[in-house]
Amino acid sequence: MATTTDFILPKMGESITEGTILNWLVQEGESFAEGDILVEVGTDKVDNEVPAPCDGTMVKHLFGNGDVVEIGEPIAQIEPSDGSTKENTSSKLEAKILKKPSGLEDIQKGSKASAASQNKTGLSPDSYRDRERVASRTQKPISSSYINKDLFVSPLVDKIARENHMSYEELARIPATGTEGRLRKSDVIQYLNDGRPHQFAQAVSNEPDPTAYRIPQLKFDKGTGKIIEMDRMRSMIADHMVYSKHTSPHVTAYVEADLTDLVNWRNANKVAFQEKHGEKLTFTPLFVDAVARAIKEFPNINASVDGKNIIVKENINVGMATALPSGNLIVPVVKNADQKSLAEIAADVNRMANLARENKLGGDDIKGGTFTISNVGTFGSLMGTPIINQPEVAILATGIIKKRAEVITRNGEDSIEIRSMMMLSLSFDHRVVDGFLGGSFLKQVALNLEEAPQTNY
């Protein structure tokens, strides 16, 4: 019968006597594997990720976030699943936390650090496996000339990198979300899921390339004023947008649609629609329906990129960018939009829009999107140039519906009429979507919107 044992706050440095609990990553009742990060602890020198000394289950947290705990004091009770005793579990934990993560010598060709490593170990660091052995013996933190900083990683992250044969330069290029820029397990897993975009990046040479572009070291006067720290969601959005622009070569195409018939149809049917289905009929369900039908005509726009492969998605799940009360954006997803009636799409749209306003969207509501719509017209914008929602390959922006005078030709005769016009813009990933596919799809969306539904409610 398994028994509980104390999970102590381990020694983290010669002069460190206490630490602050920053974040429990394993909650009470959850199981964990040896090496999983259980808790993040801050000290007056550096923040640390404390790994699990064995497989087991988290029984109870003895301290919460923000509590200050002395080194050596129990911070939780765990139930080892491998029969570990209190003594060997604690000793294994201390061994783990005190061991500096293995990492990268300066691997630039001809560098002094590489030469020193070769002299000490008898191994040449020219190959990855040799560098692994060099690093494991010398116990250096990862240092990359590419990012020009030391990057400390936990033993678990180091293990994942080795299992996936990731070079040190590649590991140093992964965006880190941990405290003080620490690389976390989730960062590496996300990077692997994204197809390892930096897999073939080259190490920076000591010899400058006269043809290479270099970012100018400009010092701007950023001015003074009120400083507002980004919240967690805004920071994640910023990282996601920069990553998308870095990953996908964006091209934006534009088309104008005459929505007069659609606007008239909605005005004539919205009351009857609500009475029959119990749902408000906004323009968003009509946009989602038009996009889903266009995707069926051009399925290659409903895709993602995996290395050198294009994954054309089986399901058509249309996301709709929605503003939260905080001002941040979130993208709830209408699943299988091509298989739903307009009433069913409206029910999904209204439900998720209401949940978004109350900050109550669930995880399933925002997962699985294959194509995204951003209705910039909601904010009065004529049109927009949206950034692709990775790992998708295209995103549609719908502008404001605006009445204006248009020249209409009927039976060879021109006349000027007041029409309801809207601009649509499609940003697409030019790696896999060419101008013909992007333009044809965008035109089909416009045609779908110009044709009012035949049903009367």
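Guide: Contact here means heavy atoms within 4.5 Å. Keep that in mind as we look around this predicted model.

Visitor: Which residues does E30 touch, not counting residues up to four places away in sequence?

Guide: By that cut-off, E30 touches L25, G56, T57 and M58. Its C-alpha atom and that of T57 are separated by 5.7 Å, although the two residues are 27 apart along the chain.

Visitor: And where is E30 placed?

Guide: E30 sits in the loop between β2 (18-24) and β3 (31-32).

Visitor: Why is E30 called partly exposed?

Guide: The label covers whatever lies between buried, under 20%, and exposed, over 50%. E30 has a relative accessible area of 37%, so it counts as partly exposed.

Visitor: Does L382 get its label by that route? What makes L382 partly exposed?

Guide: Its relative accessible area is 44%, so L382 falls in the band between 20% and 50%. You'll find L382 in the loop between β18 (371-374) and β19 (394-398).

Visitor: Which residues make a nonpolar surface patch with L382?

Guide: Y254 and M383 join L382 there, and the patch comes to about 280 Å². Patch members need over 30% relative accessible area, and L382 has 44%, so it clears that bar.

Visitor: Zooming out, what does the protein chain's secondary structure come to?

Guide: You get 11 helices and 21 strands. Of the 457 residues, 42% are buried, meaning under 20% relative accessible area.

Visitor: How much of the area that the protein chain exposes is supplied by carbon and sulfur atoms?

Guide: They supply 49% of about 25100 Å².

Definitions and conventions: Residues numbered from 1 in each chain as written. Predicted model: local features only at pLDDT ≥ 70, side-chain atom pairs only at ≥ 80, totals over all residues. Heavy atoms only, no water. Patch = residues over 30% accessible without salt bridge, like charges linked within 9 Å, V, L, I, M, F, W, Y side chains within 5 Å. Areas by Shrake-Rupley, 256 points an atom, 1.4 Å probe, with all protein chains shown as cover. Salt bridge = Lys/Arg side-chain N within 4 Å of Asp/Glu carboxyl O. Helix = DSSP H or I, 4+ residues; strand = E, 2+ residues; numbered from the N terminus. Buried < 20%, exposed > 50% of the residue type's maximum accessible area, 1.4 Å probe, protein only.
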